[in-house]
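Student: Could you please take me closely through the site around the ligand? I would like to understand what surrounds it.

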Amino acid sequence: MKYSVKSSNPLNQGTACLAVTVFGDGSLGETAARVDAASGGVVSAAVNRGDIKGKAGDTLVIPAAGDLKCDRLLLLGAGDPGKLDLAATVRIGRAVVSALAKSGAADVSVALDGLTISGRSNADSVAALVEAMEYSAYRFDQLKKEKSTLKLKSVALFCDSRSAAHAASTGVARGRAIAGGVSLARDLGNLPGNICTPTYLAQQARKLQKRLGLKVSVLDENRMKRLGMGSLLSVSRGSREPAKLITMEYQGADKSSAPIVLVGKGLTFDAGGISLKPAAAMDEMKYDMCGGASVIGTMQAVAEMALPINVVGIVPSSENLPDGAANKPGDIVTSMAGKTIEILNTDAEGRLILCDALTYSRRYKPAVVVDVATLTGACMVALGTHPSGLFTADDALAGELVDAGEQSGDRVWRLPLWDDYQEQLDSPFADMANVGGRNGGAITAACFLARFTEELKWAHLDIAGTAWTQGKNKSATGRPVSLLSRFILNRCS
Ligand code: BES
Ligand code: MN
Ligand code: ZN
């Protein structure tokens, strides 16, 4: 959608819809009160009739009346006055779009009074609102003949002062950049495995090079073989699609400044391999590249925001299928780090491709490495679908990621990464096994990765429960692009 920021009087604006706030206690936002006066009291009448309660995210569309220049009014519930939090703002932003989705309104003017998150800047508040509107306006219809019918195309945000408008513009730019990264990650996630292959992901990364000047390189299987990536290549051996190792470099600071390195699991379809998954919901394993997609989306957002920092994105990408050449339970492979791995379950393939990508990340001498992966069903069992799982031995880094999660609404919850769990990965035949039994499955997966990140400042995010939603509205969520963008933004200041 298009956005503009204005500091003029929204009542003078000819618009398909003017959105104004009403609060949970029945009181009206400043602009809502002026609209009420100019319309012979249509706003207060609606509130008094009980047609809108004023809870954050409540909406009511009514026809305009009196001297108003708009065609419709959208009343937006904003909760208790002065007590707006981030979650409420997200509900409000999404509600603006969904309330108008079935209408013919092509534009909306939103009066921002009453929509500042308490304790947060105007720019942050507007960025959150824009992100939420974009999230709600997202449609995945590229593979349908009938395209979506969302008429809403432009949003004007009205501020009460020049300085507020300046801050709002900053917020719009940031919100749009992050939302663009989220949408890109959602598109890549929603695309099926027969389209979104490792080669396709590599092509999408290359587009960022053309459009935003990122330095993109794609290693093919021969190059990976020469680097000794025996673990990653063992996974792709069972697939006809060649594996790719995609790297994207964004340089926004001095060359000598150590980069943040993001590593994302790009498993474009995970059938489990010889340890084949059951048929039910196996289609959802097209989402097993969502970690990689979130890294690509974050790289786009960072480049669009032109942040003064260096960031490298690495996406190891492969399929995991059963085949005569596929890994077999009991096979032993040698990773790039030289450590041998006994593959007891070929469905624990994410860690097999990530370990080589993490070893590869060392060449960038990173300030910090964060990997993102739909790694374990066990993480979803442990935490449900609200937070992503966070694992790190570094308390300061954990704090940074937890904070970025709270600030973006894309939250994480820390689980232990104690050495106590390491013995579950012991193997009688190799340096380690790739699975550690049923107990603490998300943790032993993280412990496996920890064996390849010694001497790195490293965190692991398990997004198995957060990367997509199930059910009728099944869709990729684009998480954790928002979290990672905030984490990187915070590191810029
Ligand atoms: N991609 C899956 C994890 C997954 C499963 C994410 C379901 C989201 C929903 C991963 O490759 C996998 O299969 N993990 C196994 C590990 C097990 C064999 C130790 C799992 O979680 O069952
Ligand atoms: Mn698997
Ligand atoms: Zn997987």
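Tutor: What follows is a description of the surroundings of ligand 1. This is a predicted model, in which local features need pLDDT of at least 70 and side-chain atom pairs count only at pLDDT 80 or more, while totals for chains, interfaces and linings use all residues. Residues are numbered from 1 along each chain as its sequence is written, chains are lettered from A and ligands numbered from 1 in the order in which they are written, and side-chain values use heavy atoms, with hydrogens and water left out.

Around ligand 1 there are 17 residues, and K277, D288, D347, E349 and G377 come nearest; a residue is near a molecule if one of its heavy atoms lies within 4 Å of it. Sorted by class, this shell holds seven charged, six nonpolar and four polar residues. Here Asp, Glu, Lys and Arg count as charged, Ala, Val, Leu, Ile, Met, Phe, Trp, Tyr, Cys and Pro as nonpolar, and the others, Gly among them, as polar.

Several polar contacts (pairs of N or O atoms within 3.5 Å) can be described. D288 places a polar side-chain atom 2.8 Å from a nitrogen atom of ligand 1. For K265, a polar side-chain atom lies 3.2 Å from an oxygen atom of the ligand 1 molecule. L375 takes part through its backbone: an N or O atom there lies 3.4 Å from a nitrogen atom of ligand 1. On its own, ligand 1 has 510 Å² of accessible area, of which the protein covers 78%, by the Shrake-Rupley method with a 1.4 Å probe.

Key: A polar contact is a pair of N or O atoms within 3.5 Å; within protein, one must be able to donate a hydrogen and the other to accept it, and residues adjacent in sequence count only if both atoms are side-chain atoms.
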